[in-house]
Amino acid sequence: MNPSLTKTIRERVQRIKTMPAIPAVFLPLLKLLAREEVQVDEVVRLVSYDSAIAAQCLRVASSPLFGMAQPPKSIKGAVMSLGLRRVETILLTCCLGQAFPAKKWALDPIVFWRHSLGCAMVCRKISEKLASADREKAYTAGLMHDIGFMVNCLVFSKEFAPVMEHACQEGIPLNEVEQDTLGFTHSDTGRALAEKWGLADDIIEVISHHHAIEDSQAAQPLVALVHISDLLCRMRGMDYGYYERHRVDLIADPAWAILHKEYHDLEGVDLVQFTFELDEAVEDIHTLVSMVFGPAPVRP
Amino acid sequence: MTITVQPAMMHPSPNPGGEVVDPVYRQIRDLVYKVSGIYKAEEKLYLLADGCVRRMKFLGLRTPRQYWDCLTVQPQREQQLRELLNEITTGETCLFRSQPQLDALRKVILPELAAQETKQTTRRLRIWSAGCSTGEESYTLAMNLLEESERLLKGWTIEILATDLNDRSVETAKAGIYGGYALRNTTDYFKRKYFTVVDEKKLQVRPEAKKLITFSRLNLQDDNKMLFMKGMDVIFCCNVLIYFDCASKSKVIKHFFSNLNFGGYFFLGTSESLMKLNDQFHLIHFPGTIAYWKPSLSSGKL
């Protein structure tokens, strides 16, 4: 990417000073998540500042995707049953969902969240099959991978709207149209925001390189995991709301080889069965998205 | 603060009647996948459960657990599994059965084939509907390809070979007459363009769509005949291999692989898979569906 574009992106992202809807607990929570050792009380205290987020977190905790049959009565109760790290990712989901003003979207926000939450869920589901993978890290990476779209909507709205329209009409992957018409993609704008927010290095790596894994220097297995999950989501009904005229050979994808090198137990994963299993979870994603972000769209 | 939770939303039931499905059916679902590659997703689990209940009634069994034993430990378990497969796959079919497969064919595969250098000179497309039953899939393909012959495939020769083991099915297929149930997914556009009215309940496929298809009887296990089915660009074999045991299934799949042109595609039914029966095909995801691909020579992945 040419240096003047990088500069433009940085400048515009710097302009996002305060997002009107961003919950006050969001940035402190991100800082907390980046740390190795976190105390339960710290999280509970943080969340107690925002009762709306706390309430939503408790509802989301009882969605089938997070595994509690009964909604927990308190954040502490949720931590006891689900573990601290899972509750942190739930909180992150809720906060992120409120971070962007509704009227700025160039794509249906429900569609965007369905894809992001879908990808988070797929990342975690694949990690569950790999003994040594960090599941909550995988979830967070999946959830955040496309935050660049929000940046595009906020500070490149004029340029991004026709890109979205063209991609939908022609059925071309969005990042390809972005690159061709804008000279940069949501990976670049996402990276600028991630750096501004001070996200963990491996998450920044995912945001920057999930479409171009060969460019990634560090955290390659995590980037590969998100790359694969992103493709699977787009092929299994958690797409950007349009038909991508696109075929995907996951096993021949370089990302698969990277993942396989890191996690030998990937060998035993039956990709077809996994794909069919995902279809069952799509409903859960729709339910969760409508819980966090409003009514789910009716698919044609 | 009180938090209201709607129970139905929290725990969506797989069963339209709202009853919770016995967990044994999930075990049976996984067993069925293991032996046949057929996967009944959660939302279709009740269909599998219904099939099991019919078998249980027939066998005089009272609980799903007893039926599980019958499928796994009893000496006649193989026979019982086969009966269950028959029960859950009975030939209920219709035209336009899988839109994602048709979309993959028209929006992704045909443009890819049309761009191949060899195709640009031969301008010939050969598609095989293997196990065509009473012709619903074959005519669906014919109509969709005719649509493309007005655009992408202008001036191409299109051939559809449709084969089935059952003589009577082939005869029914040749007639091309369908009632409301088989036509429930067919839009008015296709009905008007490709059918004539037989009577108030039935429509018949027009000659221009029939012309594309050659129907014949073929046993997929007949090795000699299978050797002659060469030069296919796409093969559809939906919900047929489930009736085969592993060894013959794997043999048939090998034939399909060699019958396909390089760069050709092989489709199974929407809930079927090849499992580990073949490692030459590449698994390909398209939006909403999967297919198997015979790598092209240029991809260097053979």
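Reader: Hi! How many residues does each chain put into the contact?

Author: Welcome! The contact takes 31 residues from chain A and 26 residues from chain B. Keep in mind that this is a predicted model.

Reader: Which helices of chain A supply at least two residues each to the side that touches chain B?

Author: Those are α4 (51-61) and α16 of chain A. The largest share comes from α16(A), with nine residues.

Reader: And what classes of residue are on that side of chain A?

Author: There are 13 nonpolar residues there, along with nine polar and nine charged ones.

Reader: Can you pick one residue for me to look at? Where does Glu280(A) lie?

Author: Good one to click on. Glu280(A) lies in helix α16 of chain A, which covers residues 271-293.

Reader: What does Glu280(A) touch, leaving out residues up to four places away in sequence?

Author: Glu280(A) touches three residues of chain B: Ala41(B), Glu42(B) and Glu43(B).

Reader: Why is Glu280(A) classed as partly exposed?

Author: Glu280(A) has 17 other C-beta atoms within 10 Å. A residue needs 20 or more to be buried and 12 or fewer to be exposed, so 17 falls in between.

Reader: How far is Glu280(A) from Met68(A) in space?

Author: The two are 18 Å apart, C-alpha to C-alpha, and 212 residues apart in sequence.

Reader: Let's zoom out. How many helices and strands does chain A have?

Author: Chain A has 16 helices and zero strands. Its radius of gyration is 18 Å, close to the 19 Å that the globule rule gives for 300 residues, so chain A is as compact as a globular protein of that length.

Reader: What box do its C-alpha atoms fill?

Author: Along the principal axes, the C-alpha atoms of chain A fill a box of roughly 50 × 45 × 40 Å. Of the 300 residues in chain A, 49% are buried. If you look at contacts in chain A with a separation of 6 or more, 67% of them come from residues 24 or more positions apart.

Reader: Now chain B. What domains does the assignment give?

Author: Chain B is assigned domain 1 (7-89) and domain 2 (99-299). Their centres, taken over C-alpha atoms, are separated by 30 Å.

Reader: How many residues of the two domains are in contact?

Author: Seven residues of domain 1 of chain B are in contact with seven residues of domain 2 of chain B. On the domain 1 side, three are nonpolar, three are polar and one is charged.

Reader: What about strands in chain B? How do β1(B) and β2(B) pair, parallel or antiparallel?

Author: Strand β1 (residues 124-130) and strand β2 (residues 157-164) of chain B pair in the parallel sense, over seven bridges. To find one spot along that pairing, look for Arg126(B), which stands opposite Glu159(B) in β2(B).

Reader: Which helix joins β1(B) and β2(B) in a β-α-β unit?

Author: That is helix α8 (residues 136-149) of chain B, and the unit is right-handed. β2(B) also runs parallel to strand β6 (residues 213-217) of chain B, joined by five bridges. There, Ile160(B) has Ile213(B) as its bridge partner in β6(B).

Reader: Which strands form the antiparallel open sheet in chain B?

Author: Three strands do, in the order β3-β5-β4. The edge strands are β3 (177-178) and β4 (195-197) of chain B, each pairing on one side only. Three bridges join β4(B) to strand β5 (residues 203-205) of chain B, and Val197(B) has Leu203(B) as its bridge partner in β5(B).

Conventions:
Residues numbered from 1 in each chain as written. Chains lettered and ligands numbered in written order. Predicted model: local features only at pLDDT ≥ 70, side-chain atom pairs only at ≥ 80, totals over all residues. Domains from an automatic or database assignment. Nonpolar A, V, L, I, M, F, W, Y, C, P; charged D, E, K, R; others polar. Helix = DSSP H or I, 4+ residues; strand = E, 2+ residues; numbered from the N terminus. Pairing = 2+ DSSP bridges. Right-handed = clockwise from strand over helix to strand, strands pointing away. Rg over C-alpha atoms; globule rule 2.2 N^0.38 Å.
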